[in-house]
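Here is a short tour for anyone who likes to look at a binding site with atoms and distances in mind. Please have the viewer open while you read.

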Amino acid sequence: MKLIRVRDYGELSSEAFRVMQQALSSERPVLGLATGSSPIGLYKKMIADHNSAGTSYDQVLTWNLDEYVGLPKQADQSYWTFMHENLFLGIEIPEKNVHLPSGEAADLAAECARYEASLQQVQIDLQVLGIGVNGHIGFNEPGTSFDSQTHIVQLTEQTRQDNKRFFGGELDRVPTQAITMGIADIMRARKILLLVSGENKAAALQQVMQGEVSEQCPATILQRHENVIIIADEAACSRL
Ligand code: F6R
């Protein structure tokens, strides 16, 4: 794992954009994408670059990590909406190129199988990740098997508390389940880019860098991947 230490979130986003530009320079790039606060600065830079330099996303394919169960995709807080508002509309990527699991499918097991089958058709060139305070990646909460593929998860109290900021601060409105790529899926990516910002992520980053590999802290599995770049700001590095 290569750790790039930066001062703050602005620098983190600039460094992340450099890594993204490399991935975009290949012929038909396949990106794995995350939602949440961590990649928003990177996505802003991708949109600015699309507008100023004309970078085209016509040949780019994307797969997202996860989606809430029970929210219609058009709901304000769905990850489908998040991705369209924060990236897809801005970079004018064709809708047929983007893939997200559907959290409103009537048969969730079938939806997991469908999404997994679509993932198995490709290899992700660059997987963008954030990390949960409890070490989750995607919505793979502590205790998830390292062999897991796309599956339904019960969100932990901690994760729902952390994410209630996107639901007007109301915990009751945060879904209790999500559909997520598994850890084995994430580990199949050629390259992984983990973005870590803020004091509240310091303990999780310490585990990733210095802890033992354990399903109790899912992100520690990244120690076993041969091509991981971690970009972390000063606050996140405060325990290293
Ligand atoms: C998002 C995802 C999550 C987040 C993590 C960190 O698609 O899969 O693992 O990356 O919860 O979230 P933020 O970046 O909001 O701190």
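What follows starts at the ligand and then visits three loop residues.

## The ligand and its surroundings

Keep in mind that this is a predicted model. How many residues surround the ligand? The shell holds 14 residues, and S38, D66, H136, G138 and K201 are the closest of them. By character, this shell splits into eight polar residues, three charged ones and three nonpolar ones. As for the place itself, the ligand occupies the largest pocket.

Three side chains bring a polar atom to a ligand oxygen, and they are set side by side here.

| Side chain | Partner | Distance |
|---|---|---|
| T35 | oxygen atom of the ligand | 2.8 Å |
| R165 | oxygen atom of the ligand | 2.9 Å |
| K201 | oxygen atom of the ligand | 2.7 Å |

How much of the ligand does the protein bury? The ligand taken alone exposes 410 Å², and the protein buries 93% of that area. K201 deserves a second look, for this residue is named among the closest to the ligand and also has a side-chain N or O atom 2.7 Å from a ligand oxygen.

## Three residues in loops

Now we can leave the ligand and turn to the loops.

Take H225 to begin with, which sits in the loop that links α7 (202-210) to β10 (228-233). Is H225 buried or exposed? Its relative accessible area is 8%, and because buried means under 20%, H225 counts as buried. The H225 side chain also has a partner in the backbone: the oxygen of M187, at 3.5 Å.

Q149 belongs to another stretch, the loop between β6 (126-129) and β7 (151-154). With a relative accessible area of 39%, Q149 is partly exposed, since that value falls between the 20% limit for buried and the 50% limit for exposed. Along the chain, Q149 and I179 are 30 residues apart, while their C-alpha atoms are separated by 10 Å.

Finally, E92 lies in the loop between α3 (79-91) and β5 (98-99). What is the phi angle of E92? Phi is near 55° there, which is a positive value in a residue other than glycine. The relative accessibility of E92 is 55%, so this residue counts as exposed, the cut-off being over 50%.

Side by side, the three loop residues cover each exposure class: H225 is buried, Q149 is partly exposed and E92 is exposed.

Definitions and conventions:
Residues are numbered from 1 along each chain as its sequence is written. This is a predicted model: local features need pLDDT of at least 70, side-chain atom pairs count only at pLDDT 80 or more; totals for chains, interfaces and linings use all residues. Side-chain values use heavy atoms; hydrogens and water are left out. Helices (H or I, at least four residues) and strands (E, at least two) are DSSP runs, numbered from the N terminus. Buried means under 20% relative accessible area, exposed over 50%, partly exposed in between (1.4 Å probe, protein chains only). A residue is near a molecule or strand if one of its heavy atoms lies within 4 Å of it. A polar contact is a pair of N or O atoms within 3.5 Å; within protein, one must be able to donate a hydrogen and the other to accept it, and residues adjacent in sequence count only if both atoms are side-chain atoms. Accessible areas come from the Shrake-Rupley method with a 1.4 Å probe; for residues, only the protein chains shown count as cover. On a 1 Å grid over the protein atoms alone, a cavity is a set of points where a 1.4 Å probe fits but cannot get out, and a pocket is an open set with protein on both sides within 12 Å along at least five of seven lines; lining residues have an atom within 4 Å of a point. A molecule sits in a cavity or pocket if more than half of its atoms lie within 2 Å of its grid points. Ala, Val, Leu, Ile, Met, Phe, Trp, Tyr, Cys and Pro count as nonpolar, Asp, Glu, Lys and Arg as charged, and the others, Gly among them, as polar.
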